[in-house]
Amino acid sequence: MTTASPKVLLISSTVASSRVGATAAGFCLQRLGVETVVLPTTLMGRHPGWGAPGGGAVETERLRKMWHAIRKQDLHFDGVLTGYMGEVGHIDLAADIIRDIRAKNPAVKIWVDPVMGDHGNLYIPEHRAAAIRDALVPLADCITPNLWELSWLSGQVLDTPQNIRKAASAYGSVLITSVPDGEDIGAAWESPEDALICSHEKFASVPHGGGDSLGAILLAHHLRGLDARTALSAAVGSIFDIMRAANEADAGELPLVRCQGALIAPQGLDVKDYI
């Protein structure tokens, strides 16, 4: 079964009242014209940063049965985007799914967000983080870690553009978020063809979900055929406008619906060569 629009399988957390994980990424993909099929690794009421989230991880066997039903629909997937993995079984299942989809469509874009930690700490068990590194990351065409996650994956201290680029070069294409750029903060893109950074002013505080959304937006732009520089400018510009709106309104959550115009008609930001 095929359609004219690109289609992405999104394997990530579903959080009812917070704009994070698949809840955020799915909206961004769909608003940019990408059909989205979601396998929910978790079902929770709210982001744990607000307190007890309610719910928890979806059993791997239930997810596997969901995937078997999806397979029978004979869908053509142009992309796979993985995010938060609630248990090790999710990682093994995601790897199996990726291999299955790639066998049917060798041109599929596999993007892996190695969601595991930030600010110097893992927030999942180390054995689960290691499973992401060992089983999922090698299957990816692109990974989308924050800077600390890239440091953990590479086992290196990343404190200069040169060693950030060196670490990223081991993984093919990489979108790195939370990259310092002087007084600003930005996202860097490293691939065999390009080394780019797009930055904006720092905010005192930002809602969760920015990385989930940015990776989804950038994937959508790549599926639409935008070049790396144009795609990065548009994606970071969208997130900057949405974060700024959240900051001004003290929203606590990403105002994706209210600010969806920033997805459709982003005010692109300047992109520099990352050297």
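User: In this predicted model, what makes α2 roughly parallel to α3?

Analyst: The angle does. Helix α2 (residues 60-71) and helix α3 (residues 88-104) have axes that cross at roughly 15 degrees and come within 9 Å. Angles under 35 degrees count as roughly parallel, so that label goes to α2 and α3.

User: And is that crossing right-handed or left-handed?

Analyst: Right-handed, as α2 passes α3.

User: Which residues make the contact?

Analyst: On the α2 side you'll find Thr60, Leu63, Arg64, Trp67 and Arg71. From α3 come Gly89, His90, Leu93, Asp96, Ile97, Asp100 and Ile101. Sorted by class, the contact has five nonpolar, three polar and four charged residues.

User: On to the sheet. Why are β3 and β12 called edge strands?

Analyst: Look at how they pair: β3 (55-57) and β12 (271-273) each pair on one side only. The sheet is an open one of 10 strands, running β3-β2-β1-β4-β5-β8-β9-β10-β11-β12, with mixed pairing.

User: How do you know that β2 and β3 pair?

Analyst: Count the bridges. Pairing takes at least two bridges, and strand β2 (residues 35-44) shares three with β3, in the antiparallel sense. In one of β3's bridges, glycine 55 is the partner of methionine 44.

User: What angle does α2 make with β2?

Analyst: About 170 degrees between their directions; α2 packs on the sheet, touching β1 (7-15) and β2. Angles over 145 degrees count as roughly antiparallel, so α2 and β2 fit that label.

User: Which strands does α6 touch?

Analyst: Helix α6 (residues 161-168) packs on the sheet against β9 (173-181), β10 (184-190) and β11 (195-201), and its direction makes about 160 degrees with that of β9.

Terms used
Residues numbered from 1 in each chain as written. Predicted model: local features only at pLDDT ≥ 70, side-chain atom pairs only at ≥ 80, totals over all residues. Heavy atoms only, no water. Axes fitted to C-alpha atoms, helices over the stretch in contact; angles between N-to-C directions. Helix = DSSP H or I, 4+ residues; strand = E, 2+ residues; numbered from the N terminus. Parallel < 35°, antiparallel > 145°, perpendicular 65-115°, else oblique. Left-handed = near helix turned anticlockwise from the far one by under 90°. Contact = heavy atoms within 4.5 Å. Nonpolar A, V, L, I, M, F, W, Y, C, P; charged D, E, K, R; others polar.
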